[in-house]
Each structure stands twice: as structure tokens, then as C-alpha cells.
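User: I'm new to this one, so please pick a single part and walk me through it closely. Then show me how it ties in with the rest.

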Amino acid sequence: MTSAARRNPALILGLVLSAVIIAIALISLVWTPHDPMKMAIVERLRPPGGSHPLGTDQFGRDVASLLMRGAANSLVIGFIAVGAGLVAGVGIGTLAAARAGTIVDDIVMRTVDFAFAFPAVLTAIMLIELIGPGTGDAILAIAVFNVPVFARLSRASALSVWATDYAAAARVSGKSRLEITLQHVIPNIAGVIVVQASVQFGLAILAEAGLSYLGVGTQPPNPSWGRMLNDAQTFLKVQPLLAVFPGLAIALTVLAFNSLGDGLNRLVDPKQRDAGR
Amino acid sequence: MAGFLARRFLGFVATLLATAIIVFVALEILPGDPAAVMLGVTATPETIAALRTDLGLDQPAVLRFFLWLKGLATADLGESYAYRVPVAGLIGERLAVTLPLTLMAMGLSTAIGIPIGTYAASKAGKLADRLAMGLAELVLSIPNFWFGILFVLLFAVTLNWLPAGGFPGWEVGFGPAFAALLLPAVALALPQAAIIARLTRSSVLEALAEDWVLTARSKGLSRRATLYRHVLRNALVPVVTILGLQFSYLIAGTILIENVFSLPGLGRLIFQAIGQHDIIVVKDLVVLFAGLVVAVNFAVDLLYGIIDPRLKRERRR
């Protein structure tokens, strides 16, 4: 264990941190120190201490409880958005690879390039006009942002599987492209995809925080870290700590999944290639 | 070379056109009646009908699309519904904040990222390298708007050195305007600097492993001279390509950061326009933002071809 930790500290840090955060999010669904929705104006803007270990916000709600429930919201949104982006992206990428060099490949990949031109915030902005602000905007916008990432990665990785002898053998033995994709390509590229998913999950948490800071994502009274930071800005002079805790929560969560991604990457790719994202 | 340029240019124009189509469909066709959306729930059928005529919404969608395209090409972007002024003027005004902000952030991130990345690579595996890369990892985990809030807390609220937000305008002089943009620019630049530092480091390390580095060293060139004269020039090719991607992040970042610091730029404008259901402004701005991203990526693509002649003819993945 200790030698494994020395060889791959990022993996250990990522595993431990993300396990703790996931545990906190799960616990928050059944127990929080206080009801995160309960307002108590007499107790507003309390400093940390007593029955409120991290203090209270402008409505007297318990900050620790809000952060815990916020973790659950962030993780769920990130999970659905990255999951949807992954499924769509891998589908598109492996299709393009199976039809490499054809017009299908060209059209698909040009469309994917094009989707890159839309930062998640812009997609979210268009979605608000369409469906009104809400969690759906954030999930859809982050998912759309993830599709091209997974499409490009899975196409590139799938192409190298298609170039192998066993893929050629499968072709010769009469297997269809779909069968080869399902039986050979996807199992072989799964490792790379999982690594990327971990990194994308960190980015999704960042994006969700940004969107809810702007008021686009999670809507009140559901607690969200981004929204808490926005509220905290108003009370910066009175209770500056309110602007510190949610930011720390976001940073730790992103750090957890980034480290996990780095660590897994080291496992999958022994060259320890440190690709700049 | 001419064929390469022509093909890239065609692709660029096609991407811009596709962007315009998507934005038009998403904001003018899908929501149903834009006039009803703009006027909100309190509108009467008469006022909606009047606004429809006013905006030319009774014309067929295809015609409206081409009129809009023509307007975009001639910088005649119509009139903002909420502000009652030409959108082009509004954008020009706000660009005087967003453009300097983005450029400052881009300059800062390269000025911080490249030296740190190069230094870390030259000390690869040593403590300095590990500290630098650990720091980069940490910075990458911090949302830029939280940097913004922490800067306000430290430099504005606690130390009172710099303004907490707002923008005095360039007409009051360079100093105050620059000071107002400094914290937002640094907040915007830090995560990008971390990305550049990591990329530069791995790129320099890759170049250092090349055979010609050994040749240069054995000819008696010092480690330093090899690094700066040969390695860095080769290593910066991938760094340049990421600048295009970086621009896209920065543009998205300004939307957040301008809201943190209450800067009257394009990012804040687009958000106010959404609140006011000013579809004309939203439509023009989304297309402008996306168009800028596409244009910068096109420019980087060409630049890449110029910097690295090996790639000139190769087909892009």
C-alpha cells in the first residue's frame, strides 16, 4: 500500500477525496446537522461555532447542511451530464471510426468540431430562452459540451483498435462493423474513456458552479455551491467566511476528480504522459 | 498551399453559417412567437401583433434569416428592444471593456504559464517541478469566479487597494480603467496560466528527449542555450494551438467574471438581455461570441500551418 501510494500519490489522493465527498453527498440525503431549507432570521449571518460549525447564511440556514446537500446536487448534475455526453460522444466517435474515411466520418467529425465552438455558457444561455432557467439547462449545456470531447477521443482510440490484426481477423470472419465495435472496440477503449470521464466530471462540477453562480443552474431553494457564492458576495463585508466555504467545497471536489483522472491515467498509460488539457 | 487555404476558408465560412442557423432556429423559431416572449405574460394580443409588425416577424422565417445575415455582414444589427438603441452601438460600447479584459487575461496567462512550465521542465522530477505542478493542479481546481470573489475580499474589502467592481470608463484616464480591469483579468488568467504551464512543461520535456538536443549539447552548446534557442521554439508549437481553445474559455469566462465585478462588458450585457427577454441582443451576441471563437480557431489553424511546415499538407484528424 505504501509503495503504491509513493508510485501513484495522485490516485490515492483522488480515491480518498472523492470517496469522502461522495459519502458526504449520500449522507446528506438522509441526515444533515440541520434542515438545509429551514430559515431562522434571528440566527442569520452567525460566525462558525456552537451548533452551526460553519455558521449561518443570510436567512439563518446552517451553512454546513447547505454545503452537504449542495454536494449531492452538484454530483448528480455532473453525473447525469457527463454520462449523457459520454454515451452520445462514444456512440458518435465509434461510428465515425467504423466508417473512417467515408463521408459519414467527415460529416460527423465536422459537426463535432463545430460543437466545440460553443462554450457551455453560451449553450446554457440559448437554453434559458427555450426552456426557462433550471437544472435542465445546466445538465443539457454541460452534456452538449462533453459530447465532442468524448467523440474525438473515442474516434482516435477506436481507429487504433480497427488497425489491429484481430479487428481485421474479425472482419474477415464475417462480423459486421457493429459487432466488432461492440465486442472489440468498446472494451478496448473503455480504459481511456473512464480516465477522461473522471477529468470531465471535475470540469462539469466547475461548469455547474459557474452556471448556478449566474443563476442559470440549480434554482432556489435547492442549495447549490455556485448560488451560495453569489449570495455571499452581498455580505462580503459582514460575513466574509460565507464566500470561503462553498469555494473550498468546489475546489476540493474538482481536485478530487482531477487527481483521480491523473492517477487512473498513470495506471492505464505507464508512460505517465502528462497531456495538457 | 493555396488549396489548403481555400479548403480551410470554406470550412470557416460553413462553420459560421451553421452557427448562425443554429442560433436563429434556437432563438427565433423554437420559442414560438418571439414577440410574445419579449413582451412576457402581461401582453395583450394587440401589443403582440404591433410588435410583430414592428420587428418584421410577419415575414417568412427564411427571408428573416437572410435579412439578419445581411445585417450581420453590414454591422446593422437592428435595435435593442430593451434599450431602444442600435445593437451595433451597444456592442461597440461594451467591447471596450470585454476586449481589453480578454487580451489582458490572455497576455497574463502566457506570461505566467510559459516561464513556469519551462522552468518546471528544466527541473523535471525535482522539488521545484513538483511544487509548480502541484500548484497548477490546485489552481485548475479553483473556479475563476471564486478567485474573483477572494480577490475582492482581499484587495478591495480588506486592503482597499483596488476597486471591488464597476468600471469608470476609459475617458477618466488609463490608470483608473486599468485598475478596474486588473483583478478581473488576473482571476480570468490564473486557471489558463495553469493549463499553459502544464502543456509547456510536457511539450518541453518531449522536445528535450529528441536526438538533436544531444547533438547540440555535444557540439558544446550549454544546457541553457539549448533550452532557449532550440527546445523552446519547437516546444511552443502545441502551446500556440491551445491559444485558440483558450480564447474560447476566456470568452466564456468573461460572462462569469464580468458579473462578479459588475463590469459593463459583453458578458454582462448578454445576461441582462436574457433577463429582459431582449432576443435581438441575445441572438446577435451569441452569434458574435461563437463567431469570435470560430474565427480565432481558424486563425490558429493557419498559424499552426505556418509555424510547423510539416503540418501544412497533412489532413486534420
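Analyst: Let's start with T226(B), which you'll find in helix α10 of chain B (a helix here is a DSSP run of H or I at least four residues long, strands are E runs of at least two, and both are numbered from the N terminus). Before going further: this is a predicted model, in which local features need pLDDT of at least 70 and side-chain atom pairs need 80 or more, while totals for chains, interfaces and linings use all residues, and side-chain values use heavy atoms, without hydrogens or water. Residues count from 1 along each chain as its sequence is written, with chains lettered from A and ligands numbered from 1 in the order they are written.

Is T226(B) buried or exposed? It counts as buried because its relative accessibility is 1% (buried means under 20%, exposed over 50%, partly exposed in between, with a 1.4 Å probe and protein chains only). Setting aside neighbours within four places in sequence, T226(B) is in contact with V213(B), A216(B), R217(B), L221(B) and V231(B) (contact means heavy atoms within 4.5 Å). W212(B) is 14 residues away from T226(B) along the chain, with 9.8 Å between their C-alpha atoms.

Now zoom out from T226(B) to its helix. α10(B) gives the side of chain B that touches chain A 9 residues, the most of any contributor. Others that each supply at least two residues to that side include α1, α8 (174–208) and α12 (279–307) of chain B. Altogether, 50 residues of chain B are in contact with 45 of chain A. The two chains bury about 4200 Å² between them, and 72% of that is on carbon and sulfur atoms (this is the area, by a 1.4 Å probe, that both parts lose on being put together, summed over both). How many salt bridges link chain B and chain A? The count is 0 (one would need a Lys or Arg side-chain nitrogen within 4 Å of an Asp or Glu carboxyl oxygen). Polar contacts between the chains come to 2 residue pairs, both at pLDDT 80 or more (N or O atoms within 3.5 Å; within protein, one able to donate a hydrogen and the other to accept it, with sequence-adjacent residues counting only through side-chain atoms).

Helix α1(B) also turns up in a nonpolar patch on the surface, where it supplies the largest share, 4 residues. α5 (120–131) and α6 (135–162) of chain A each bring at least two residues as well. The patch has about 710 Å² of accessible area, and L130(A), V144(A) and L17(B) are among its members (Shrake-Rupley, 1.4 Å probe, with only the protein chains shown as cover for residues). Another member is I29(B), which lies in α1(B) and is partly exposed, because its relative accessible area is 36%.

Over in chain A there are 10 helices and 0 strands. Of its 277 residues, 51% count as buried, and its C-alpha atoms fill a box of roughly 75 × 55 × 30 Å along the principal axes. One buried example is S65(A), at 0% relative accessibility, in helix α3 (residues 63–98). Its side chain makes a polar contact with the side chain of D62(A) at 2.5 Å and reaches the backbone nitrogen of H34(A) at 3.0 Å. Beyond four places in sequence, S65(A) touches T32(A), P33(A), H34(A) and P36(A).

Notes
Patches are made of residues with over 30% relative accessible area and no salt bridge: like charges are joined within 9 Å, nonpolar side chains (Val, Leu, Ile, Met, Phe, Trp, Tyr) within 5 Å.
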